[in-house]
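Work through the two exercises below with the model open. Each task is followed by a solution in steps.

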Amino acid sequence: MPVLEILEFPDSRLRTVAKPVKDVDDRVRQLIDDMFETMYDAPGIGLAASQINVHEQIVVIDVSDDRSQPLVFINPEITVIDQDTFEYDEGCLSVPGFYETVVRPQHIRVKALDRNGEPFEMEPEGLLAVCIQHENDHLLGKLFVDYISPLKRNRIRSKLEKLHKQQSS
Ligand code: QAP
Ligand code: CO
């Protein structure tokens, strides 16, 4: 199974809004396997299909220490339960080397399909709740750097653009 290339900020393809998956078939399951391989290789705790330039609503996550709890979310729908918020220093495989504090709703409910196309619901807590919201943002064309100040965002953009130029020469 191949490790796929991850798009990096400020690549405009990361701004594409993902479409819902119609059939959870073998093609989708193969994609999910490749996404886990890519995420574990990085290593990361979450990856959205948008980050590998596939604009379908698929997210893989594993926030466990021993990489033993793979979670799949197809066509996720998030609802916010109350007004409590949670701060976390977020990173992103598409923004390598940069971490910034983001404030998000703390209590959410997630409805999604699993890798067999079966619907499920959960009320994630802590890092998992943060990660699902971060990955769901990718499906909407949104990045964590959209929540920080324009000054910080532009600094990160310049540094990554410089790095990308060095890498291509
Ligand atoms: C999203 O991010 C996330 O900068 C997943 O050099 C992160 O897996 C959600 C990574 C934090 C909630 C909290 C980042 C790897 C991995 C880097 C990741 C890097 C290498 C990020
Ligand atoms: Co990300």
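A residue is called exposed when its relative accessible area is over 50%, and buried when it is under 20%. The model is predicted.

**Exercise 1.** Find which residues of helix α3 are buried and which are exposed, and state where each group lies.

Solution.
- Step 1. Helix α3 takes in residues 150–168, 19 residues in total. From first C-alpha to last, α3 reaches 26 Å, close to the expected 27 Å.
- Step 2. Arg153, Ile156 and Leu160 are the buried residues of α3.
- Step 3. These buried residues lie on the same side of α3, because they cover an arc of only 65° around the axis.
- Step 4. In an α-helix there are 3.6 residues a turn, so residues three or four places apart point the same way.
- Step 5. The buried residues of α3 pack against β5.
- Step 6. Pro150, Leu151, Lys162 and Lys165 are exposed on the other side of α3.

**Exercise 2.** Locate the residues that UniProt lists as "binding site" and describe the surroundings of Cys92 and His138.

Solution.
- Step 1. The unreviewed UniProt entry places this feature at Cys92, His134 and His138. They are spread over 47 residues of sequence, yet their largest C-alpha distance is 10.2 Å.
- Step 2. Cys92, His134 and His138 are included in the lining of the largest pocket.
- Step 3. Cys92 sits in the loop between β4 and β5. Its relative accessibility is 12%, so Cys92 counts as buried.
- Step 4. His138 belongs to helix α2 and is buried, at 1% relative accessible area.
- Step 5. Leaving aside residues up to four places away in sequence, Cys92 touches Gln51, His134, His138 and Phe144. With its neighbours within four places likewise set aside, the contacts of His138 include Gln51, Cys92 and Ser94.

Methods: Residues are numbered from 1 along each chain as its sequence is written. Chains are lettered from A and ligands numbered from 1 in the order in which they are written. This is a predicted model: local features need pLDDT of at least 70, side-chain atom pairs count only at pLDDT 80 or more; totals for chains, interfaces and linings use all residues. Side-chain values use heavy atoms; hydrogens and water are left out. UniProt positions are given in the numbering used here, feature names are shortened, and annotations may be inferred rather than shown by experiment. On a 1 Å grid over the protein atoms alone, a cavity is a set of points where a 1.4 Å probe fits but cannot get out, and a pocket is an open set with protein on both sides within 12 Å along at least five of seven lines; lining residues have an atom within 4 Å of a point. Helices (H or I, at least four residues) and strands (E, at least two) are DSSP runs, numbered from the N terminus. Buried means under 20% relative accessible area, exposed over 50%, partly exposed in between (1.4 Å probe, protein chains only). Contact means heavy atoms within 4.5 Å. The expected span of a helix is 1.5 Å times one less than its number of residues. The arc is that of the directions from the helix axis to the C-beta atoms.
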